[in-house]
Amino acid sequence: MKFSEAWLREWVNPDITTAQLADQLTMAGLEVDSVEPAAPPFSGVVVGEVLSRAPHPDADKLSVCSVDIGGDASAPIVCGASNVAAGMKVAVATVGAKLPGDFKIKRAKLRGVESLGMICSAAELGLADSSDGILPLPADAPVGRDFRDYLVLDDPCIDVDLTPDRADCLSVAGIAREVGVLNRAEVCEPAIDPVTPVIDDVFDVGLDAPAACPRYLCRILRGIDATAETPDWMVEKLRRSGLRAISPVVDVTNYVLLELGQPMHGFDLTQLNGGIRVRMATNGETLTMLDGSDVTLRDDTLVIADHGKALAMAGIMGGAASGVTGATRDVLLESAFFSPLAIAGKARSYGLHTDSSHRFERGVDYALQRRAMERATALLLDIVGGRPGPINEVVADDELPTCTPVALRRTRIQRLLGVAIDDATVSDILARLGMQVSATDDGWQASAPSARFDIAIEADLIEEIGRVYGYANIPASLSSAPVSVAIRPEAAFSLDAAKRLLAQRGYQEAITYSFIAAEIAAVLTPGAEPIKLANPISADMSDMRASIWPGLIQTLGYNLARQQGRVKVFESGLTFIRRDGQIEQHAKLAGLVCGEADAEQWGLATRRADFYDIKADLESVLAQVADAAEFRFEAAEHAVLHPGQSARILRDGVPVGWIGLLHPAAQKALDLPGGVYLFEVDLVTLSTGGIPRFEALSKFPAIRRDFALVVDRDLPFQAVLDVVRDAAPDVVKDVQLFDVYTGNNIDSGLKSLALSLILQESSHTLTDAEVEQASAVVLQALADRLAAKLRE
């Protein structure tokens with residue numbers, strides 16, 4: 001919400017500076033984003049009057065003007081604008097003036113004619129993005145007065161970033177109420193008297209969707225002056241609030257929106273057929289909007305229609321066919337209350353966002369519509385004239401919001417705020433906030449005003465008391481609440497330790513949204529039933545994620561686009577799946593590796609990261625949980641992983657997660673390079689680990705025996721490892737694979753695995769006979785179960 005401080009001070013004028021006002025609003029929960037002057041810096045510009053205009057003797061498009069700038073003599077100025085004329089009041093940059101962009105005005109000759117200044121356009125003064133000619137000023141503008149002072153262009157424009165629950169402050173009136181409450185200052189609202197109808201014309205209204213629109217008002221205004229222009233004071237107030245002046249009817253409705261917070265709309269009465277119907281759209285119905293875009297409506301969209309067609313998307317934007325134009329003489333003004341739930345998310349779903357939708361989806365005061373209609377009518381009569389008819393108000397009383405009294409306990413105030421506030425202060429604050437307050441035995445009952453949709457429970461009232469009382473007035477104190485220390489089981493898996501370990505191995509932690517685009521979900525979680533958000537932040541955040549991989553892959557794409565070719569990232573978080581109609585949450589840890597295995601340096605040869613790099617990283621994390629022997633990496637197919645480089649991770653036969661290379665089809669669909677490796681494990685299945693046990697070190701030497709075994713080429717090493725661990729006697733402490741060979745002297749269907757057995761006894765040095773016996777047991781088991789043979 002952007003507004004002019006001068007406009008605000010017309011409503012409420014506390015004795016505080018601009019800086020104090022901004023700080024006060026921020027501390028009250030209305031965060032001030034910026035405070036900027038109404039115009040960029042410039043100097044040396046005064047109000048002038050064009051005394052005469054003559055053609056330039058040597059240039060057809062230039063004219064020579066004599067301009068009174070309040071001095072002893074008029075100044076000759078050469079001007080190229082076509083709209084300059086004798087008798088106009090204009091803004092004149094005198095010699096020595098400095099305009100926005102550090103543009104300095106100097107004495108000059110243009111085509112041989114001396115020019116002592118420049119007649120300025122709004123764009124040249126930074127008051128508009130573009131201009132068709134010079135800026136005309138009112139006829140009563142005082143000649144010679146500093147232009148900046150005349151238009152009060154040092155007026156600070158304050159931009160407030162409001163949270164969605166404070167829609168009541170999306171207007172000058174709402175901000176003024178807040179400032180009045182905070183400073184105990186009187187709020188001087190403009191007098192809004194009912195306009196007396198001059199004609200009896202009434203336009204019929206039917207509420208076909210009363211739950212979405214329980215109140216609708218309209219009024220006919222006939223015979224307006226189409227040649228009238230919006231007064232400068234209104235144009236300037238709109239500009240300082242970030243809106244561009246368009247035409248008197250549109251400008252007045254925008255002005256009322258900014259002043260009171262009620263969005264309004266004007267229809268060209270001659271384009272309407274029969275009467276107004278507030279109804280839901282039919283599927284496939286089309287509408288051309290005021291911005292020229294064509295939309296195909298859905299049946300969940302509320303529209304304003306006549307008896308033949310849709311005219312506007314209710315609370316969002318009007319249609320081009322029924323909009324007010326320069327030829328409009330008869331207008332139908334609309335002022336309505338639309339339920340926030342009926343409007344929320346609709347504008348975004350059509351790729352739109354307007355000042356009206358911004359307010360209606362957050363909640364507009366449901367008692368404001370008649371007041372806004374009277375204000376807009378009075379302003380229009382002053383500007384464009386016309387003959388007003390009576391207001392036609394149609395209300396579905398049962399569908400209007402109701403103000404439910406909220407109980408407030410004085411003991412609860414002290415408990416939540418940590419400070420005792422006396423009853424008189426509490427009552428005063430609630431009354432200043434416009435609430436109806438009555439005392440009870442243990443506190444108060446308060447009913448919020450119709451503009452405050454955010455007051456529903458006791459905590460809401462206490463929040464209001466706290467911010468008006470002043471958070472700075474609440475003393476800081478240490479909590480006296482009992483503190484209990486959670487006892488963490490020794491065998492529990494530590495996610496923090498896992499994160500530190502991955503960071504030590506070169507990973508960086510990523511934090512991504514739990515919402516992903518439907519297209520990415522279809523590629524990376526094809527087997528999961530989509531969980532759609534009812535009101536997504538944007539179109540590319542429409543689905544809840546069923547895996548952490550989409551966020552990591554988007555992070556990879558972001559880095560690759562910025563020439564970061566080596567990426568190692570991990571993330572922990574919740575994933576969401578629908579099972580038996582219920583949504584379940586699962587905590588997971590996932591990682592991604594792409595690019596070089598190691599950072600570039602002189603001591604290591606450059607190579608791409610592969611499956612075994614990411615597998616080693618994951619094994620280091622799993623080693624925190626339990627003995628590595630509890631985990632198995634079993635070759636299996638996953639829809640998103642390469643069928644030749646993917647594995648299911650098991651713990652004692654229970655699936656834990658997946659690891660592998662991104663499938664080429666997914667890689668192509670996501671426009672990624674090759675070599676993207678991923679893992680994802682379920683943290684619940686890892687939550688309980690093993691407790692480390694002490695085992696005394698043997699004082700006797702270990703003995704190593706190496707064997708080269710010829711086995712089937714497709715046999716995984718895990719199968720060999722399982723047999724060795726199962727058959728080996730206790731003296732075999734470890735088994736290591738140190739070479740895999742295929743090639744000369746090995747049949748094409750076979751491969752050679754070079755193993756090391758590490759043997760050791762805790763009571764004595766092993767003899768050759770003991771070593772040979774243990775080795776024979778292992779080799780025989782491998783031969784019997786896997787048909788393994790010693791390589792010759």
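This is a short viewer tour of the structure above, going from one selection to the next.

Before you start, note that the model is predicted, with local features requiring pLDDT of at least 70, side-chain atom pairs counting only at pLDDT 80 or more, and totals for chains, interfaces and linings using all residues. Residues are numbered from 1 along each chain as its sequence is written, and side-chain values use heavy atoms, with hydrogens and water left out.

**Stop 1: helix H10**

Select residues 369-383, which form helix H10. Helices here are DSSP runs of H or I with at least four residues, strands are runs of E with at least two, and both are numbered from the N terminus. Put a distance label on the end C-alpha atoms of H10: they are 21 Å apart, which agrees with the 21 Å that its 15 residues should span at 1.5 Å a residue. That expected span is 1.5 Å times one less than the number of residues.

Now colour the buried residues of H10, among them Ala372, Arg375, Ala376, Leu379, Leu380 and Ile383. Buried means under 20% relative accessible area, exposed means over 50%, and partly exposed is in between, using a 1.4 Å probe and protein chains only. As you look at the spacing, recall that an α-helix has 3.6 residues a turn, so residues three or four places apart point the same way.

What do the buried residues of H10 pack against? Show H5, H6 and the strands S14 (215-222), S15 (264-268), S22 (331-337) and S23 (387-388), and you have the list. Just after H10, click on Gly385, which takes a positive phi of about 70°.

**Stop 2: salt bridges around H10 and H5**

Stay on H10 and show the side chains of Arg375 and Glu259, which meet in a salt bridge at 2.8 Å, N to O. A salt bridge here is a side-chain nitrogen of Lys or Arg within 4 Å of a carboxyl oxygen of Asp or Glu. Glu259 sits in helix H6 (residues 248-260), 116 residues from Arg375, and the pair links distant parts of the chain. Both Arg375 and Glu259 are buried.

Next, select Asp155 and Arg240, whose side chains form a salt bridge of 3.0 Å, N to O. Asp155 is in the loop between helix H3 (147-150) and strand S12 (156-161), while Arg240 belongs to helix H5 (residues 232-240), 85 residues apart. Are these two buried or exposed? Asp155 is buried at 3% relative accessibility, and Arg240 is buried at 7%.

For a contrast in setting, go to Asp300 and Arg298, a salt bridge of 3.1 Å, N to O. Asp300 is partly exposed at 33%, and Arg298 is partly exposed at 27%. Then select Arg166, Asp168, Glu178, Arg452, Asp454, Glu464 and Arg467 together to see a network of salt bridges. The total count is 50 salt bridges.

**Stop 3: the nonpolar cores**

Centre on Val252. Leaving aside neighbours within four places in sequence, Val252 is in contact (heavy atoms within 4.5 Å) with Met234, Ala376, Leu379, Leu380 and Ile383. Val252 is one of the residues with the most contacts inside the largest nonpolar core, which has 49 residues. A nonpolar core is a set of buried Ala, Val, Leu, Ile, Met, Phe, Trp, Tyr and Cys residues joined through side-chain atoms within 4.5 Å.

**Stop 4: Thr328**

Select Thr328, in the loop between strand S21 (317-318) and S22. Thr328 is buried, with a relative accessible area of 1%. Its side chain joins that of Asp268 in a polar contact of 2.9 Å. A polar contact is a pair of N or O atoms within 3.5 Å; within protein, one must be able to donate a hydrogen and the other to accept it, and residues adjacent in sequence count only if both atoms are side-chain atoms. The backbone nitrogen of Thr325 also lies 2.8 Å from a polar atom of the Thr328 side chain.

**Stop 5: cysteines**

How many disulfides are there? The count is zero, a disulfide being a pair of cysteine sulfur atoms within 2.5 Å. Select Cys188: its sulfur is 18 Å from the closest cysteine sulfur, in Cys169, too far for a bond. For Cys403 the closest cysteine sulfur is also in Cys169, at 17 Å, again too far for a bond.
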